[in-house]
Amino acid sequence: MDEKRFVIALFGLVIALLVGFIGYRFVAPLTVAVFLYYSTRRLYRNLARFRLPARARAVASLSLIGVPLIGLLGYTVLLVLLEARRFIERYPVAETVGPENSWIADLAALSDPTVEGLVAAYRSGQFDPLIEFVSEQAPLLASTLSGLALNLLITIVVTYYLLLDGSKFHEWLLTFDDDAVVREYLEAADEELEAVLYGNLLNVIAISIIAVVTYTGYNVLVPAAVEVPYPALAGALTGVASLIPVIGMKVVYIPLAGLTAMEPILSEELSLLVYVAGFLAVAAVVVDTIPDIVLRPYFSGKTTHVGLLMLAYIFGPVVFGFHGLFLAPIILVLALTFADTALIRLLGGDPDEDDEPRRAVSAGQRRLNEF
């Protein structure tokens, strides 16, 4: 009997190692999937009041998050291409890059960037240098695009089935419960993860709205020469950039101020730079500082310390790469929740005596389980 258990345990260990290796190999899309799951789970559950099937609610929840994000990325790429074409037309870029990249000049010469104009340019051979350039870079482009497509597919599939079967997985974990330690830890961790990761999404939305209103209001008050280009897009990108630790929104509004200052500098109207300086001051205070002080504490979870969460956002990308922006807060929440619940029991303490002072609520405020 002991030999059979040993063989089964050994087999289980091998399977666990294989699953762990696969999870490590695709840790980036899996981490993003967990973030999207907790970001959309509340919406997924709220849609149940409309008596929609579970699959329809999962698709709707992902669409309400994914479709605007894909639209934002597509709109950004389109504007970058249009602005790059205008820049090539205005400045001698074709002469600077050399004859081996003559396709840049050919693209700049496109006078009719419509479907008919592009078809006519293709038939005339105007795209031949570009096609040759893309063919030379085909292996790199194919590897990059296939990797992005695979990670995106994994993220969508895992998030979709977490929305459908997340509760089943939760109940399966509870089968290992021992004296209510596992249940207490899982419920506390689940609640705090939703508060932290859903708070990330709310923070992005709130800052995007604030940035759009600020940039649009600035354009109304200043001369046309120093207006912020595409204020709606710039505001949305500012909200997304708020996820980046330390520098955050500065990666958007500082280059934006530089673009705004180019026209006065090139036209030698330096007096207009006062408006650019005003834009920087308003963006730093209204868009960056005030929301970070006022909103972030409300969107940072219920028990997780704001300072530790900020350190997780800082150290996460440094240690794990870009996906560490989502992975480090998850690890922090799991560790703090474990120390706050299961560790006390494992060390022989009584969490019931310690929880009341630490989790006391103000007079007149009701607990969720009282409703």
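**Exercise 1. Work out how E187 and R183 are placed relative to each other in helix α9, and how exposed each one is.**

Step 1: E187 and R183 both sit in helix α9, 4 residues apart, which is about one turn of the helix. Helices here are DSSP runs (H or I, at least four residues; strands are E, at least two), numbered from the N terminus.

Step 2: The two residues form a salt bridge, with their closest N and O atoms 3.5 Å apart. The term asks for a side-chain nitrogen of Lys or Arg within 4 Å of a carboxyl oxygen of Asp or Glu.

Step 3: E187 is partly exposed at a relative accessible area of 40%, and R183 is partly exposed at 36%. The classes are buried (under 20% relative accessible area), exposed (over 50%) and partly exposed in between, with a 1.4 Å probe and protein chains only.

A word on the ground rules: this is a predicted model, where local features need pLDDT of at least 70, side-chain atom pairs count only at pLDDT 80 or more, and totals for chains, interfaces and linings use all residues. Residues are numbered from 1 along each chain as its sequence is written, and side-chain values use heavy atoms, leaving out hydrogens and water.

**Exercise 2. Find which parts of the chain the E194 and R41 salt bridge links.**

Step 1: The closest N and O atoms of E194 and R41 are 2.6 Å apart in this salt bridge.

Step 2: The pair links distant parts of the chain, with E194 in helix α9 (residues 181–221) and R41 in helix α2 (residues 27–46), 153 residues apart.

Step 3: Both E194 and R41 are buried.

**Exercise 3. Compare the surroundings of K168 and D165.**

Step 1: K168 and D165 meet in a salt bridge at 3.7 Å, N to O.

Step 2: They are separated by about one helical turn because they are 3 residues apart in helix α8 (residues 138–174).

Step 3: K168 counts as exposed at 59% relative accessibility, whereas D165 is partly exposed at 30%.

**Exercise 4. Place A328 and name its contacts beyond four places in sequence.**

Step 1: A328 lies in helix α14 (residues 324–340) and is buried, at 11% relative accessibility.

Step 2: Leaving aside neighbours within four places, A328 is in contact with A312 and G316; contact means heavy atoms within 4.5 Å.

Step 3: A328 and G316 are 12 residues apart in sequence, with 4.8 Å from C-alpha to C-alpha.
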